[in-house]
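Reader: I would like to go through the labels attached to this structure one at a time, asking in each case what the label rests on. Could you set each value against its definition as we go?

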Amino acid sequence: MELASLLPSCKIRVFSIPTKNPVDQKQKQGVKLMKSLAPPLMAAFLALSPFFISPVSLGQEIDVQRGATLFRRTCIGCHDGGGNIIQPGATLFSKDLQRNGVATEEEIYRITYYGKGRMPGFGENCTPRGQCTFGARLQEDEIKVLAEFVKSQADLGWPN
């Protein structure tokens, strides 16, 4: 597009105005860039998003929370933070569990169910009566979750 203007000396000057706006070109380049980056960014977002947690890890998280609740309800009186206020050499830390022959979930389950030494058993069918808790008993699945929780915390060094 050309514009003509009359100057005071009556000469005609021609001005050229570009028809393409440089701002529009930059915006188009930005849109192209976003369109090219959108698919990989979206894939990364979906892969890292908490909405796409596999059911196994979600189930494990629920078991950890359930184990922590059971531990607070049943064990924390003597084993706060993995320690042992009754018998200091029988803590729930890995080194003590290994030294005392209780290094697996199955062994933790057995002692939690039937008791051992000063530790009372919490199983529904715990015998002899003097070895078992006088408080509420735990179901087998609850003791299993509790044993898994204790073992996982021992492996982590009983973090806060």
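Author: The model is a predicted one, and a good place to begin is Cys-78, whose sulfur lies 8.7 Å from the closest cysteine sulfur, that of Cys-75, too far for a bond.

Reader: How do you know that the sulfur of Cys-78 is too far from that of Cys-75 for a bond?

Author: A disulfide requires sulfur atoms within 2.5 Å, and because the closest cysteine sulfur to that of Cys-78 is 8.7 Å away, in Cys-75, the distance is too far for a bond. Seen from Cys-75, the closest cysteine sulfur is that of Cys-78, again at 8.7 Å and too far for a bond.

Reader: Why is Cys-78 called partly exposed, and why is Cys-75 called buried?

Author: Buried means under 20% relative accessible area and exposed means over 50%, with partly exposed in between. Cys-78 has a relative accessible area of 32%, and is therefore partly exposed, whereas Cys-75 has 11% and is therefore buried.

Reader: What makes Cys-126 and Cys-132 a disulfide?

Author: Their sulfur atoms are 1.9 Å apart, and the cut-off is within 2.5 Å, so a pair at that distance qualifies. A search of the whole structure finds 1 disulfide, and the link of Cys-126 and Cys-132 is left-handed, with -90° about the S-S bond.

Reader: How do you know that Cys-126 and Cys-132 count as buried?

Author: The limit for buried is under 20%; Cys-126 has 6% relative accessibility and so counts as buried, and Cys-132, at 2%, therefore counts as buried too.

Reader: Turning to the aromatic rings, why is the pair of Phe-71 and Trp-158 called tilted?

Author: A search of the whole structure finds 5 aromatic pairs. In the pair of Phe-71 and Trp-158, the ring centres are 5.1 Å apart and the planes stand at 40°. Centres within 6.5 Å make a pair, and planes that are neither under 30 degrees nor over 60 count as tilted, so the pair of Phe-71 and Trp-158 is tilted.

Reader: What makes this pair one that ties together parts 87 residues apart in sequence?

Author: Phe-71 lies in helix α2 (residues 55-74), while Trp-158 lies in the segment after α6 (140-156), so the pair ties together parts that are 87 residues apart in sequence. Both Phe-71 and Trp-158 are buried, and together with Phe-149 they form one aromatic cluster.

Reader: Why is the pair of Tyr-109 and Tyr-113 called stacked?

Author: The ring centres of Tyr-109 and Tyr-113 are 5.9 Å apart and the planes are at 25°, so the pair is stacked, given that stacked requires planes under 30 degrees apart. Both residues lie in helix α5 (residues 105-114), 4 residues apart, which is about one turn of the helix.

Reader: How do you know which of these is buried and which partly exposed: Tyr-109 or Tyr-113?

Author: With buried set at under 20% and exposed at over 50%, Tyr-109 is partly exposed because its relative accessible area is 24%, and Tyr-113 is buried because its value is 4%. Other buried residues of α5 include Ile-108, Ile-111 and Thr-112, and what covers the buried residues of α5 includes α4 (94-99), β3 (115-116), β4 (119-120) and α6. Following α5 comes Gly-115, whose phi is positive, near 80°.

Notes
Residues numbered from 1 in each chain as written. Predicted model: local features only at pLDDT ≥ 70, side-chain atom pairs only at ≥ 80, totals over all residues. Heavy atoms only, no water. Phe/Tyr/Trp six-rings, centres within 6.5 Å; stacked < 30°, edge-to-face > 60°. Helix = DSSP H or I, 4+ residues; strand = E, 2+ residues; numbered from the N terminus. Buried < 20%, exposed > 50% of the residue type's maximum accessible area, 1.4 Å probe, protein only. Contact = heavy atoms within 4.5 Å.
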